[in-house]
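Please look over the sequence and the 3D structure below. A short report follows.

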Amino acid sequence: MSYENRYSDELGQDPVLKKKTARRKKQELYQKTAFLLIKLSAAAAILTLIIIIGDIVLKGYPAVTIEFLTRMPVNQMTEGGILPCVIGTVELILLSLLTAVPLGVIAAVYMTEYAADGKIKCAVEEAVNTLAGTPSVIFGLFGMALFIKYIGLPQSLLTASLTMGLLIMPVIIRTTQEALLAVPKEYREASRALGATKWETIRCVILPAAYSGLITGIIISVGRAAGETAPILFTGAVYYYPKLPDSVFSPFMALSYHLYVLATESMNIELTRSLQYGTALVLLAIVFSMNLIAAGVRRHYKKKLSSN
Amino acid sequence: MTKHSLRDFRENFMKSLFLIGGIGTLLILLLIFAFLFAESFNFFKTYDFWDFLTGTEWKPGASPEMFGLLPLLAGTAAVTVGAIIPAVPVGILSAVYISELAGPKTADILKFAVELSAGIPSVVLGFFGMIHLVPRIQSVFDLTTGQTALTGSIILAIMALPTIISVSEDAISSVPAALKQGSFALGSNHWQTIYKVILPAAVSGISAAVILGIGRAVGETMAVMMVTGNMAIIPGSDIFLSSVRTVTATIALEMGEVAKGTEHYYALFTIGAVLFVITIGINKIAEAVKRKHKQVT
């Protein structure tokens with residue numbers, strides 16, 4: 001400011017300079033306005049997130065008690081807990097990982113380690129990208145057509161898990177691929193120079209080095225599998241099932257679908273508000289803790305890499 | 001078998017296993033295609049193709065049953081457009097804030113927050129919308145129901161934001177520092193540099209972000225289904241304040257109740273195929289635009 005003042009005092013009468021100063025002032029005003037808008041936008045984005053999470057946490061917290069987590073829903077789901085939904089969601093996650101992780105890791109290893117740059121690699125890459133961008137409801141349709149109508153499986157935990165497995169597979173493939181690509185080339189060369197074969201190198205050198213990246217991918221897909229509803233809508237999740245799922249061929253209740261049911265179709269929507277908030281909070285807590293753990297693993301991994 | 005040949009055998013075995021795994025991914029995609037289109041084909045055996053494509057009524061229960069695509073497409077288009085209008089400016093400006101104005105620590109925190117919000121399950125967002133947006137929109141606009149395209153748009157905007165922010169942030173951050181320094185050296189201030197140099201240099205990446213955001217909005221199911229009212233009518237001039245039904249919501253709502261092998265069942269697969277083709281198209285465009293971005297920088 002003082003610089004500007006002196007500047008204009010000395011040469012203040014020069015009309016060209018006066019015009020230049022005016023232009024600069026105008027530009028500064030533009031900048032101020034633009035930056036204000038930018039800051040407001042960022043604030044709006046963050047505020048939305050805070051409001052949503054805050055609302056779910058504040059209203060859900062009183063509902064989430066030990067009893068809520070360990071009891072069956074009773075009285076036409078207007079009272080009681082969400083035990084079968086918690087167990088159903090956990091089983092769904094585990095079973096879908098069981099299909100998606102081996103397949104996903106194999107596909108990722110194939111693409112980074114085995115495939116030569118060519119048509120097959122290109123096609124597989126394209127397929128992974130397309131699958132990653134496919135809406136979840138399409139997976140639900142496909143699961144229903146293939147597993148239920150064509151193969152003849154019942155609407156069950158198994159069918160829903162297979163469908164969910166297909167949905168999270170692209171996530172696992174992509175994160176594994178990234179992790180494998182981050183392993184330095186020297187590791188491979190050194191291992192091969194010591195006489196190890198390709199598979200020995202992958203098993204003993206590359207996969208261990210990419211381990212944390214792989215774990216991150218799995219954790220992220222756990223969050224995804226917990227939250228998705230559309231793929232399990234017509235493949236196995238049910239409105240109400242009075243028992244805990246006792247076999248993979250029985251239908252099951254899941255947190256995400258349970259929240260949908262309580263909020264839209266239950267006997268008394270207003271009456272079960274606190275149950276709904278409780279379910280939403282448990283679901284959100286699972287997804288967010290997965291995100292936090294994944295971020296922690298990634299950070300740890302980064303530190304380890306940079307210290308090497 | 002000697003040790004050597006055993007090793008060779010194992011090597012070849014693993015190689016084929018990995019090849020099969022890779023091809024397996026391709027196979028899954030092909031199977032999805034095959035099933036969607038096979039079931040659609042069954043639909044067109046009994047329902048006229050043009051009647052489907054240009055039909056203005058979706059009435060599965062009526063006699064004769066009507067399966068017109070247009071009202072569903074209109075619903076999807078309405079909520080998507082409504083979501084993109086606020087999400088694009090807010091998303092891009094937030095990305096500018098993270099990559100240009102915020103300090104490194106704030107930027108890290110914000111990036112993590114964006115990641116978190118991308119992970120909020122859509123059913124939770126739909127629930128939030130039902131409780132807080134639906135009654136407000138009903139009272140503000142004095143409507144009979146607050147379940148409108150506008151409500152869906154707001155929820156979808158919140159869902160599309162993380163995609164738009166993180167992809168545009170990547171694009172902005174990858175603009176070479178030399179461009180920025182050159183602009184400063186010529187006497188431009190920070191905003192002029194952002195507006196005239198950085199944003200134009202990142203334009204294809206940002207466009208890709210917008211397109212991916214559109215893709216996310218088009219394919220979203222649960223949240224939209226919970227707040228839009230699901231009326232399959234072609235909205236008129238009050239498009240945003242009327243209840244709409246999207247393609248995704250129709251599949252999710254009707255698939256559970258329909259008997260397998262009926263015309264209605266096949267009709268749902270047909271709109272699934274339409275949705276699949278639309279999202280593939282959107283993703284392909286985003287990829288092409290992104291590739292252009294790589295050539296620029």
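## Helices, chains and domains

Helix H4 (residues 83–114) of chain A packs against helix H7 (residues 157–181) of chain A at an angle of about 35°, and their axes are 6 Å apart. Axes here are lines fitted to C-alpha atoms, for helices over the stretch in contact, and angles run from 0 to 180 degrees between N-to-C directions. Helices (H or I, at least four residues) and strands (E, at least two) are DSSP runs, numbered from the N terminus. The crossing of H4(A) and H7(A) is right-handed. A crossing is right-handed if the near helix is turned clockwise from the far one by less than a right angle, and left-handed if anticlockwise.

This is a predicted model: local features need pLDDT of at least 70, side-chain atom pairs count only at pLDDT 80 or more, and totals for chains, interfaces and linings use all residues. Residues are numbered from 1 along each chain as its sequence is written, while chains are lettered from A and ligands numbered from 1 in the order in which they are written.

Chain A has 13 helices and 2 strands. Its C-alpha trace spans about 90 × 70 × 35 Å along the principal axes of chain A. Of the 308 residues in chain A, 44% are buried (20 or more other C-beta atoms within 10 Å of the residue's own, placed from the backbone; exposed is 12 or fewer, partly exposed in between).

Now the two chains together. In all, 70 residues of chain A are in contact with 66 residues of chain B (C-beta atoms, placed from the backbone, within 7 Å). Helix H2 (residues 15–60) of chain A gives the largest share of chain A's side, 19 residues.

The table sorts two sets of residues by class. Ala, Val, Leu, Ile, Met, Phe, Trp, Tyr, Cys and Pro count as nonpolar, Asp, Glu, Lys and Arg as charged, and the others, Gly among them, as polar.

| Set | Nonpolar | Polar | Charged |
|---|---|---|---|
| Side of chain A that touches chain B | 48 residues | 17 residues | 5 residues |
| Contact of H4(A) with H7(A) | 21 residues | 8 residues | 2 residues |

Chain B is assigned domain 1 (3–46) and domain 2 (58–296). These bounds come from an automatic or database domain assignment. The C-alpha centres of domain 1 and domain 2 of chain B lie 32 Å apart. Their contact takes 7 residues from domain 1 of chain B and 8 residues from domain 2 of chain B.

One residue to find is B:Phe141, in the loop between helix H5 (122–140) and helix H6 (149–173) of chain B. B:Phe141 is partly exposed because 13 other C-beta atoms lie within 10 Å.

Key: Two residues are in contact if their C-beta atoms, placed from the backbone, lie within 7 Å.
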